[in-house]
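Thank you for sending this entry; my comments are set out below as numbered points, to be read beside the sequence and the 3D view.

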Amino acid sequence: MSILVNLITYRGTYRSLQADKINVPSADGRRAILPNHVNVIMPLDIGVLNVTVNQQELYFAISNGMLLFENNTATILSDSIIDVDDIEQERIEKKVKKTQEYLDSISDERDIIMAKMSLAKALNKLEVKSKYGKQ
C-alpha cells in the first residue's frame, strides 16, 4: 500500500510521487503520515518535508501551506516547494545577505514582517541543503 503525494504550488503541480510515508512540518511539530492514515487537514510550517519512496528518503524545503490527506492521497499546497538537490546555495546565500541588508534599512512594520518571512524561507532552504543535500 502506498500514498499518492501531490506537491502543488501556485504555479501548479511541482511533483507527484508514490510514497511509503511522508513526514511534514506542522505547527505542533513533525507529523508522519502512513498509508491508511485517518483523513486530516492541517496547516504546515516552514521546514523540511521528507518523503519515503521505495525506502529512499527524498527531502524538500517547503514554506507555509496545507496538507490534505484522504483515501491514501496526500495533497500538499505550499507557497514554495523545492527538492534539496535543486537548491542553489550561492543564490540563496546572496538572497539572505540582501534581505538582511534590506531589513536594516526599513522601518515600516508591514515591510519588516514580509522581509522576515522571506528571510525565514531562505534560511530554511540553506538548512535543508546543508543537512540533506549531496556533499
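The points below take up one helix first and then a pocket.

1. The model is a predicted one, and the values discussed here are computed from it.

2. Helix α1 runs over residues 89-105 and has 17 residues, which at 1.5 Å a residue should span 24 Å; the C-alpha atoms at its ends lie 25 Å apart, and that agrees with the expected span.

3. Taking buried to mean under 20% relative accessible area, the residues of α1 that qualify are Ile92, Val96, Thr99 and Leu103. Viewed down the axis of α1, these buried residues fall within an arc of 70 degrees, so they line one face of the helix.

4. That buried set of α1 packs against α2, residues 109-132, whereas on the other side of α1 the exposed residues are Glu90, Lys94, Lys97, Lys98, Asp104 and Ser105.

5. The largest pocket has a volume of about 410 Å³, and its lining is made up of 18 residues, with Tyr10, Asp79, Ser80, Ile81 and Lys125 lying nearest its centre. Two or more lining residues come from each of β2 (12-19), β10 (81-83), α1 and α2.

6. Which element gives the most to the lining of the largest pocket? That element is α2, with 6 residues, and α2 is also the helix against which the buried residues of α1 pack.

7. Sorted by class, the lining of the largest pocket holds 8 nonpolar, 4 polar and 6 charged residues, and Asp79 and Lys125 are among the residues that lie nearest the centre of this pocket.

Conventions: Residues numbered from 1 in each chain as written. Predicted model: local features only at pLDDT ≥ 70, side-chain atom pairs only at ≥ 80, totals over all residues. Heavy atoms only, no water. Helix = DSSP H or I, 4+ residues; strand = E, 2+ residues; numbered from the N terminus. Expected span 1.5 Å × (residues − 1). Buried < 20%, exposed > 50% of the residue type's maximum accessible area, 1.4 Å probe, protein only. Arc of directions from axis to C-beta. Contact = heavy atoms within 4.5 Å. 1 Å grid on protein atoms, 1.4 Å probe; cavity = no way out; pocket = protein on both sides within 12 Å on 5 of 7 lines; lining within 4 Å. Points joined across faces, edges and corners; volume = space filled by probe spheres on them. Nonpolar A, V, L, I, M, F, W, Y, C, P; charged D, E, K, R; others polar.
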